[in-house]
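Good morning, everyone, and thank you for making time for this. I would like to walk you through one model slowly, a few places at a time, so please have the picture in view.

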Amino acid sequence: VATNTAGNAVWLSFLFAALIAMLTGLSYAELSSMYPRDGAEYEYTKHFFGRRFALVVGLMIVLSGVVSSATVALGFAEYFRALFQTPILLMAIGLIALCSWVNYHGIKESAKLNIFFTAVETLGLVIIIFLGLKHLGSVDYFDMPYGFIGVLRASALVFFAYMGFEAIVTLTEETKNAKRNISKAIILSVIITSLIYVLVALSAVSILDWQSLGSSSAPMADVAAASMGPIAFIILGIIALFSTANTVLIQSVTSSRIVYGMACDSALPKMLRRVSCSRNTPLFAIIAVGLVMVLFSFIKDIELVANITTLFLFITFATINVTVIVLRYKAPKVKRPFRIPVNIGKFQVLAFLGAISSLILLYFAFTNILQILA
């Protein structure tokens, strides 16, 4: 869909989104090293903005995770329909239920499945990159049908693909040596995904024109089919099923942990902090998150739901970056095992740039929503 506004320059949209992800990822890394708790964004903003505003931020990040899961579940259903002619809504709800069950079963089981799904997903992206190598240079990669504004609008949408790096902090209490390892995981995840996404975008527009990509319901499968024939569509379609299922699983785990962390701090009903006696997982938080995912899946419009997700994200990211800046003055004595570089005195330059860039994309996400609803 992003190619409809960015054209062949969609790779620039991914690059700009990657820059914002890195700036904000650094802020998350510093905050997670200061306050290693599952409450994540709620826990960080509470120390400056207070509990009420922190509750709003916590709910926004939960909603962004939940809404994104509904979006991706619909994407899963689209690929499933392309392969097997099944009802979209039924398959989306079925995937959400399955991922919720795995989440309930345990963090180790979820992690093992996540590793397998990620390996399959990476294989699919590598195939697209490989297929595009012989086509590189065949198009004008700076062809922008709506100018640089179109590229920025697309950035607000494709940022959806970078969701996940911020979710790492929600597993702090279940991570060994969290103060060190969480920071490294955030930074490495942003760097690796940024490189892969930019290369995939360049390959995709080299193989298939941007207009066809923008109108496709299964773009990566169509890219493979254009290069290798119908069998490639089936292979990439199946890989896409693993990829989308993986995203829903991750968001189910992380969103339920944020809800659990907020409930433990009495910001949400006590029932949501109840843990399963047999599985030692936050049962009621998992159920609540799964039900809200199902609710948003009824919207069905993937582009609209994706933009709603990024709208919540950019508000949260701007707040996180501002929190880093303020805590440098308000809590200078709190230990920071990871500290963001580039400072003017106590003022954090990169966090400031992260806040500004988040607000810029917030504006474009809002205009995207208005255009869809118009």
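**Two loop residues and some helices**

At 48% relative accessibility, serine 266 counts as partly exposed, because that class lies between buried, which is under 20% relative accessible area, and exposed, which is over 50%, with a 1.4 Å probe and protein chains only. Before I go on, I should say that this is a predicted model, in which local features need pLDDT of at least 70 and side-chain atom pairs count only at pLDDT 80 or more, while totals for chains, interfaces and linings use all residues. Residues are numbered from 1 along each chain as its sequence is written, and side-chain values use heavy atoms, with hydrogens and water left out.

Serine 266 sits in the loop between α11 and α12 (283-297), and its phi is positive, about 65°, although serine 266 is not a glycine. When I say helix, I mean a DSSP run of H or I with at least four residues, numbered from the N terminus.

Just before serine 266 comes α11, and here we can check a length. The 35 residues of helix α11 (residues 230-264) should span 51 Å at 1.5 Å a residue, and the end C-alpha atoms are 52 Å apart, which agrees; the expected span is 1.5 Å times one less than the number of residues. Helix α11 is also mostly covered, since 25 of its 35 residues are buried.

A second loop residue can be described along the same lines. Which residue follows α4? Glutamine 85 does, with a positive phi near 60°, although glutamine 85 is not a glycine. Glutamine 85 is placed in the loop between α4 and α5 (88-105), and at 65% relative accessibility it counts as exposed. As for helix α4 (residues 51-84) itself, its 34 residues should span 50 Å at 1.5 Å a residue, and the 48 Å between its end C-alpha atoms agrees with that.

Let us turn to packing, beginning with α2 (residues 10-34) and α7 (residues 147-158), whose axes come within 8 Å and cross at roughly 60°. That makes α2 oblique to α7, because angles under 35 degrees count as roughly parallel, over 145 as roughly antiparallel, 65 to 115 as roughly perpendicular, and the rest as oblique. The residues in contact, meaning heavy atoms within 4.5 Å, are Leu12, Ser13, Phe14, Phe16 and Ala17 of α2, together with Val151, Leu152, Ala154, Ser155 and Val158 of α7. By class, this contact of α2 with α7 has 8 nonpolar, 2 polar and no charged residues, where Ala, Val, Leu, Ile, Met, Phe, Trp, Tyr, Cys and Pro count as nonpolar, Asp, Glu, Lys and Arg as charged, and the others, Gly among them, as polar.

Helix α2 also packs against α13, at an angle of about 55° and with the axes 9 Å apart, which makes α2 oblique to α13 as well. In the contact of α2 with α13, the residues divide into 8 nonpolar, 5 polar and 2 charged; among them are Leu23 and Glu30 in α2, and Ile320 and Arg328 in α13.

I will finish inside helix α13 (residues 302-330), where threonine 319 lies. Is threonine 319 buried or exposed? Threonine 319 is buried, with a relative accessible area of 9%, and, not counting residues up to four places away in sequence, threonine 319 touches Thr45, Phe49, Phe53 and Val57.

Note on methods. Axes fitted to C-alpha atoms, helices over the stretch in contact; angles between N-to-C directions. Helix = DSSP H or I, 4+ residues; strand = E, 2+ residues; numbered from the N terminus.
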